Amino acid sequence: MGFKCGIVGLPNVGKSTLFNALTQTAAAQAANYPFCTIEPNVGEVAVPEPRLDALAKVAGSKEIVPARMNFVDIAGLVEGASQGEGLGNKFLANIRETDAIIYVLRCFDNDDITHVRGKVDPVADFEVVETELMLADLDSLEKRKAGVVKKANSGDKEAKAQVALIDLALAELTEGRPARKAKVPADDIKAWQMLQLLTSKPVLFVANVDEASSATGNAYSKLVEARAKIEGAGCVVFSAQIESELALLDGADRAEYLASLGLTEPGLTRLIQAGYQLLGLQTYFTAGPKEARAWTIRKGWTAPKAAGVIHGDFEKGFIRAETIAFEDYIAFGGEVGAKDNGKMRSEGKEYVVQDGDVMLFRFNV
C-alpha cells in the first residue's frame, strides 16, 4: 500500500534538496530562486529495514524487496497562496492528495541563498505556511457548507452528519487552530477524512541545518523542536545538503563520511522512521527462496486485512496465517526450525499483526 508525505515550506528552504536526497535522483531541480520546482515531483523511497537482509540470508532469498514510501516535493508556498499568490491553488491542491505533511524549515544562515521573507526565522516560516493552509480550509468549508446544509434540511442523514463535522472543523479554524486539533468521534473518522482538509493531516517538522550543526542542531533547530512539541508533532534535525551528498556514496564511503560528521545513521533513515511513526505504520514480512519482502500496514490491522495488501483474494478467502516472530525466525534458522521448536503459530481472522511478524497466508478463493 502506498503512503504519500508532502514536502512543503517556503521557497529556498531546502525542499528540493531534501527530495533529491530521498529519491537519490536529480528529478527535482534545486536552484536558488522561488518556484524552481514547477510541478510536484513524486518519488518512491525504499524504507531502510536491516531485518529484511537478515531474513533473506536465512531464507536463501534470491531477491530482496523493501517496503516503499512516497514523497511529494511541492513548489514553494508564499504568503497569500490561499488567495492565489505564487502557485496558489495549484500548490494547495497537490497537498490534498497526501497522507501527511512534512514542514521543511530553514535553520541555517547563508547569504548566497535568498530568504524570501528577508531573514531566517523557522517558526515564523511555519506559521506562514500553516496560516495559508488554514485559510484555504476555511474557504473550502464555507463554500461547501451551504449545499450540504440544504441537503441536511431535506432530511438527508448523511448530510446532517457532514454538517456536524464541517461545524467541528470551522470551530477550530475560526479560532486560529488547525483542523487536526479537533476531537473527532471514532465513528466519524472516515467521513472526517473525506472532507480532505489540509490542516487535518498529521505533520512532521524537519529542521534543515547547516553541515556543522548536523549532529547537534543549532539555535534555530531548538526553536523548531520546541514548536513541534507544542504542536504534538515529531521533529527531525538534519542537513539536507549532507544527505544529498550521502546519496551519491556507496556503503563503505557513506559510513566513513557519517563517522567524520559524528553521525551514526543518515538523517533520511530517521525521517522515514518518523514518517512511519507519524502515520501509525508497521512492517510484516514474507520470506522464501524466491524473495524476502517487507509489507507496510497500519498498526492494529488484523491478519486478513494485512493479507489484502498482497492481494485482495488473500483477504477475501483468508483461512489462517502461519506466523513466526522475526526473532524466532532468525534464532531457529528459518521456517522449518521455528516450526520444529514450536515457534510457528497458526493465527485466525481476529489476530492483530505485530511488527516484524513473518507470515504465510493460507486462503481459498
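# Terms and values in a predicted model

Author: In this predicted model, the largest nonpolar core comprises 64 residues, and Leu18, Phe71, Tyr103 and Leu271 have the most contacts inside it. Strand S5 (residues 100-107) supplies the largest share of this core, seven residues. Because the model is predicted, local features need pLDDT of at least 70 and side-chain atom pairs count only at pLDDT 80 or more, while totals for chains, interfaces and linings use all residues. Residues are numbered from 1 along each chain as its sequence is written, and side-chain values use heavy atoms, with hydrogens and water left out.

Reader: What makes a set of residues a nonpolar core?

Author: A nonpolar core is a set of buried Ala, Val, Leu, Ile, Met, Phe, Trp, Tyr and Cys residues joined through side-chain atoms within 4.5 Å. Buried means under 20% relative accessible area, exposed means over 50%, and partly exposed lies in between (1.4 Å probe, protein chains only). A second, separate core has 18 residues, among them Leu141, Ala159, Val163 and Ala182. In soluble globular proteins, nonpolar side chains tend to be buried together.

Reader: Which residues does Tyr103 touch, apart from those up to four places away in sequence?

Author: Contact means heavy atoms within 4.5 Å. By that rule Tyr103 touches Val8, Phe126, Val129, Glu130, Leu133, Val203, Leu204, Phe205 and Val206.

Reader: Why is Leu268 called buried?

Author: The relative accessibility of Leu268 is 12%, and the limit is under 20%, so Leu268 counts as buried. Leu268 is part of helix H10, where the buried residues also include Leu271, Ile272 and Tyr276. Leaving aside neighbours within four places in sequence, Leu268 is in contact with Leu18, Ala21, Leu22, Phe238 and Glu243. Leu268 and Ala21 are 247 residues apart in sequence, and their C-alpha atoms are 8.0 Å apart.

Reader: How do you know that the length of H10 agrees with what its 13 residues should span?

Author: Helices (H or I, at least four residues) and strands (E, at least two) are DSSP runs, numbered from the N terminus. The expected span of a helix is 1.5 Å times one less than its number of residues. For H10 (residues 267-279) this gives 18 Å, and the end C-alpha atoms are 18 Å apart, so the two agree. Just after H10, Gly280 has a positive phi of about 65°.

Reader: What do the same figures give for helix H4?

Author: The 32 residues of H4 (residues 122-153) should span 46 Å, and its end C-alpha atoms are 46 Å apart, which agrees. H4 nevertheless has a kink of about 35°, centred on Lys145. The bend at a residue is the angle between axes fitted to the seven residues ending there and the seven starting there.

Reader: What makes the pair of Asp355 and Arg51 a salt bridge?

Author: A salt bridge is a side-chain nitrogen of Lys or Arg within 4 Å of a carboxyl oxygen of Asp or Glu. Asp355 and Arg51 are 3.1 Å apart, N to O, so the pair falls within the cut-off. Asp355 lies in the loop between strand S11 (345-347) and strand S12 (358-363), and Arg51 in helix H2 (residues 50-59), so the pair ties together parts that are 304 residues apart in sequence. Asp355 is partly exposed, with a relative accessible area of 40%. The rule yields 15 salt bridges.

Reader: Where do Arg180 and Glu231 lie?

Author: Arg180 is in the loop between helix H5 (157-173) and helix H6 (189-193), and Glu231 is in helix H7 (residues 219-231). Their side chains meet in a salt bridge at 3.3 Å, N to O. Glu231 counts as buried at 13% relative accessibility. Salt bridges link Glu127, Glu130, Arg180, Lys181, Arg227 and Glu231 in a network.

Reader: Why does Asp328 have no salt bridge?

Author: Lys and Arg count as positive and Asp and Glu as negative; His and the chain ends are not counted. The nearest side chain of opposite charge to buried Asp328 is Lys343, 4.7 Å away, whereas the rule requires 4 Å, so the pair does not qualify. Asp328 belongs to helix H13 (residues 326-331) and touches Ala338 and Lys343, not counting residues up to four places away in sequence.

Reader: What is the phi of Asn12?

Author: Asn12 is not a glycine, yet its phi is positive, about 65°. Most residues other than glycine have a negative phi. Asn12 lies in the loop between strand S1 (4-8) and helix H1 (15-23), and at 11% relative accessibility it counts as buried.
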